[in-house]
Amino acid sequence: MSDSNGTGGKPDLTAKVDKIAAEALEAGKKFIETDTGKKVAEATESAFATAAEMRRKVMDTDFAKKALDSDLGKQAADLAQQASDKTKATITNVLARNVAVGAAAGAVIAIPLPIIGPLLGAIIGGGLGYLRTITRK
C-alpha cells in the first residue's frame, strides 16, 4: 500500500491536518455569520481584550515583577518561550496551533481548580483557541 507522497502507505498527516482545519474554519465561519455566532464572536473578542488587560495589570504589580525576577520565574519564562517557539515551528497550521496552545494553557490554568481540572481546562482552552482563530478578521 503506497500513497502519492512516497511514504510507503504512511498517510500525509500535514495534508490531512490542513484539510480538517480548513473544514473546521469553514464551519466556524458559517456559524459566525449567524446572529448567535456574531454574539459569540463579540463575547470572545471582549473576553480576550479583558484577559489581556488583566494580564497587563497583574504584570505591573511588585509581586509579579519579583516573581519573574526570581530564578524560578526566569526558568519558567524561558521554558514557556521555548515551548512557544517549538509549537510555532512544529505546528504550522494556524488553527491547529491556536487550539493546541489554548488547550495547553487551559490545562495549566485549571490545575489548581478542583472542579474544572486540567482535562476540562484543556477542552475549554482548545475551544477558546478555535474561537479566537475563526473570529479574527
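The following exchange goes through how the terms used for this predicted model rest on its computed values.

Reader: What makes up the secondary structure of the chain, and in what pattern does the chain run?
Author: The chain has six helices and zero strands, and along the sequence this reads as α-α-α-α-α-α.

Reader: How do you know what span to expect of helix H1, and what span does H1 reach?
Author: Helix H1 covers residues 13-32, which makes 20 residues, and from its first C-alpha to its last it reaches 28 Å. The expected span is 1.5 Å times one less than the number of residues, and for H1 this expectation is 28 Å, to which the value in the model is close.

Reader: What does the corresponding reasoning give for H2?
Author: The 25 residues of H2 should span 36 Å at 1.5 Å a residue, and because the end C-alpha atoms of H2 are 36 Å apart, the two values agree.

Reader: Which residues of H1 are buried, and what puts them on one side of the helix?
Author: Ala21, Gly28 and Ile32 are the buried residues in H1. They cover an arc of only 40 degrees around the axis, and therefore lie on the same side of H1. In general, an α-helix has 3.6 residues a turn, so residues three or four places apart point the same way. On the other side of H1, Lys19, Ile20 and Lys30 are exposed.

Reader: What covers the buried residues of H1, and which residues of H2 are buried?
Author: The cover over the buried residues of H1 includes helix H2 (35-59), helix H5 (94-110) and helix H6 (117-135). In H2 the buried residues are Gly37, Ala41 and Thr44, and these pack against H1 and H6.

Reader: Why is Leu25 called partly exposed rather than buried?
Author: Leu25, which is found in helix H1, has a relative accessibility of 23%. Buried would require a value under 20%, and exposed a value over 50%, so Leu25 at 23% counts as partly exposed. Leaving aside neighbours within four places in sequence, Leu25 is in contact with Leu95, Thr133 and Ile134. The C-alpha atoms of Leu25 and Tyr130 are separated by 8.5 Å, although these residues are 105 residues apart along the chain.

Reader: What makes Thr14 partly exposed rather than exposed?
Author: Thr14, also found in helix H1, has a relative accessible area of 48%, and because exposed means over 50%, Thr14 counts as partly exposed. Thr14 and Thr92 are 78 residues apart in sequence and 8.9 Å apart in space, C-alpha to C-alpha.

Reader: How is Val99 classed, and which residues does Val99 touch?
Author: Val99 is found in helix H5 and is partly exposed, with a relative accessible area of 28%. Not counting residues up to four places away in sequence, Val99 touches Gly126, Gly129 and Tyr130. From Val99 to Leu128 the distance is 7.4 Å, C-alpha to C-alpha, with their positions 29 residues apart in sequence.

Reader: Why can Ile116 belong to a surface patch when Ile116 is partly exposed?
Author: A patch takes residues with over 30% relative accessible area, and Ile116 has 35%, so Ile116 meets that cut-off while counting as partly exposed. Ile116 is found in the loop between H5 and H6. The nonpolar patch is formed by Ile115, Ile116, Leu119, Leu120, Ile123, Ile124 and Leu128, with about 710 Å² of accessible area together.

Reader: How much of the chain counts as buried, and what is its accessible surface?
Author: Of the 137 residues of the chain, 19% count as buried. The accessible surface comes to about 10000 Å², and 65% of this belongs to carbon and sulfur atoms.

Definitions and conventions: Residues numbered from 1 in each chain as written. Predicted model: local features only at pLDDT ≥ 70, side-chain atom pairs only at ≥ 80, totals over all residues. Heavy atoms only, no water. Helix = DSSP H or I, 4+ residues; strand = E, 2+ residues; numbered from the N terminus. Buried < 20%, exposed > 50% of the residue type's maximum accessible area, 1.4 Å probe, protein only. Arc of directions from axis to C-beta. Contact = heavy atoms within 4.5 Å. Areas by Shrake-Rupley, 256 points an atom, 1.4 Å probe, with all protein chains shown as cover. Patch = residues over 30% accessible without salt bridge, like charges linked within 9 Å, V, L, I, M, F, W, Y side chains within 5 Å. Salt bridge = Lys/Arg side-chain N within 4 Å of Asp/Glu carboxyl O.
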